[in-house]
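Trainee: I should like to understand how the terms used for a protein model are justified. May we go through some of them in turn?

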Amino acid sequence: MHREDEPASVSAALAQQIRQDIAAAGGWWPFDRFMAAALYMPGLGYYAHGGVKFGWSPESGSDFVTAPEISPLFGHTVAVQVAQVLDATGLAEVVEFGAGTGALAQQLLEALGDRCARYTIVELSASLRQRQQQRLAAFGERVRWVDALPEGIEGVVVGNEVLDAMPVQLLHWDGTQWLERGVAVDEWKFVFADRPTELRPPVEGPFVPGTVTEIHPQARAFIATLAEKLQRGAAFFIDYGFPEAEYYHPQRHGGTLMCHRAHQADTDPLSDVGLKDITAHVDFTGIALAGQDAGLDVLGYTSQGHFLMNCGLAERLAQAGVRERTMAQKLMQEHEMGELFKVIGFGRGLPEGFDPIGFVHGDRSHRL
Ligand SMILES: C[S@@+](CC[C@H](N)C(=O)[O-])C[C@H]1O[C@@H](n2cnc3c(N)ncnc32)[C@H](O)[C@@H]1O
């Protein structure tokens, strides 16, 4: 669907539904409920309707680009880490969360070949699932789609830019107390509205008066649930974010909430609801603790640049054509995606002494 067909009416219908739901809830919603509805309300939310979303330029009707869309070398290189776990364990299943256009799935399936007997995609969006089914048809019955976390996972789990799409709660420090920032309706417009709260950021501070920041209970709950289901194997999540000391640093007093539309970033999630992506950076300390508390080992934590280098991207680039090399370099360059994006790995039941290749150099687990 092109942007001109991406009807303002979808946005209007979504906004109307949210207004009704907020009224039914007594006039106020915590921000995470608003973000969940804006992104995932069936048929109407940003990820639920048929808009283009992923791509290179506004002309294509897209809003942002992700690593597997930038270069197939991304998935081909991540596959080195996935293959190492599969080989070491004798397992043959990959589970991907939030597969977008299916680009990463295609790249992993191509690179893993017969090593991957089953590729399971957990996708919340019916329209994205359809796109993935078309793209991955050639892989036949090896690929299957499920609506919820499968029970008893034995294999390798991957998720690129999934944690940043999970709804966050907003906290406001006014200089004397913490308030939860939620959403109310003023006539017909959505407005922020604060309420006193017992919620706190995971660090003591100090915080600058006026700070607005995020906490991530849904992402942590997601990792805890995944940990329960992951019986043997590993999980790798790639996303933008920091350890908590950086996340809640006084200099970051505006938080990290961001919207993306037509390749422009803005900080107003309350306008054009359903027509733009809403994201927050990942607190990787919280993610690591959620996994550890649920019994997973942290295999490593490093920048995307280091991870891809460790998995041999530089050697692949040496053999690539100029255009391919220019694109793929963006994945590693510090001022592009190489430093802001991180990779965290978890494991359970891996062989004694297993040394994950992606974290061989530059592991920063100690900074979490
Ligand atoms: C920014 S997109 C990234 C898509 C793709 N991985 C890529 O890199 O191009 C975020 C994706 O995460 C999905 N998502 C968010 N929460 C999820 C959850 N709890 N389970 C599965 N997918 C989820 C969304 O539906 C969406 O497809």
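**Reasoning from values to terms**

Mentor: Let us begin with a pair of helices: α4 and α5 are oblique to each other. Please bear in mind that this is a predicted model.

Trainee: Why are α4 and α5 called oblique?

Mentor: The axes of α4 (residues 72-89) and α5 (residues 103-112) cross at roughly 55°. Angles under 35 degrees count as roughly parallel, and 65 to 115 as roughly perpendicular. The angle of roughly 55° falls in neither range, and the pair is therefore oblique. The axes come within 8 Å, and the crossing is right-handed.

Trainee: Which residues make the contact between α4 and α5?

Mentor: From α4 come P72, F74, G75, H76, V78, A79, V82, A83 and L86, and from α5 come L104, Q107, L108, E110, A111 and L112. By class, this contact has 11 nonpolar, three polar and one charged residues.

Trainee: What makes α7 roughly parallel to α9?

Mentor: Helix α7 (residues 217-229) and helix α9 (residues 284-293) pack at an angle of about 30°. The cut-off for roughly parallel is under 35 degrees, so the term applies to α7 and α9. Their axes lie 8 Å apart, and α7 passes α9 in a right-handed crossing.

Trainee: Which residues of α7 and α9 meet?

Mentor: A219, R220, I223, A224 and A227 in α7 meet G286, I287, L289, A290 and G291 in α9. The classes in this contact are seven nonpolar, two polar and one charged. Gly counts as polar, and G286 and G291 are among the residues of α9 in the contact.

Trainee: How do you know that strands β13 and β14 pair?

Mentor: Pairing requires at least two bridges. Three bridges join β13 (residues 258-261) to β14, so the requirement is met. The two strands run antiparallel, and H260 stands opposite A265 in β14.

Trainee: What makes β14 and β15 edge strands?

Mentor: The open sheet has the order β14-β13-β15, with antiparallel pairing. Strands β14 (264-266) and β15 (277-279) each pair on one side only. From one strand to the next, the twist averages 30°.

Trainee: Where is the cis peptide bond, and where does P206 lie?

Mentor: The bond from G205 to P206 is cis, with omega near 15°. P206 is in the loop between β10 (189-196) and β11 (211-215).

Trainee: What is notable about the phi of K53?

Mentor: K53 is not a glycine, yet its phi is positive, at about 65°. This residue is in strand β2 (residues 53-54).

Trainee: How do you know which part of the model calls for caution?

Mentor: The mean pLDDT of the chain is 95, and 98% of its residues reach 70 or more. Over residues 1-5, however, the pLDDT is below 50. Where pLDDT is low, predicted coordinates should not be read in detail. Beyond near neighbours in sequence, residues 1-5 have 10 contacts in the model.

Notes. Residues are numbered from 1 along each chain as its sequence is written. This is a predicted model: local features need pLDDT of at least 70, side-chain atom pairs count only at pLDDT 80 or more; totals for chains, interfaces and linings use all residues. Side-chain values use heavy atoms; hydrogens and water are left out. Helices (H or I, at least four residues) and strands (E, at least two) are DSSP runs, numbered from the N terminus. Axes are lines fitted to C-alpha atoms, for helices over the stretch in contact, and angles run from 0 to 180 degrees between N-to-C directions. Angles under 35 degrees count as roughly parallel, over 145 as roughly antiparallel, 65 to 115 as roughly perpendicular and the rest as oblique. A crossing is left-handed if the near helix is turned anticlockwise from the far one by less than a right angle, and right-handed if clockwise. Contact means heavy atoms within 4.5 Å. pLDDT is the predictor's confidence in each residue, from 0 to 100.
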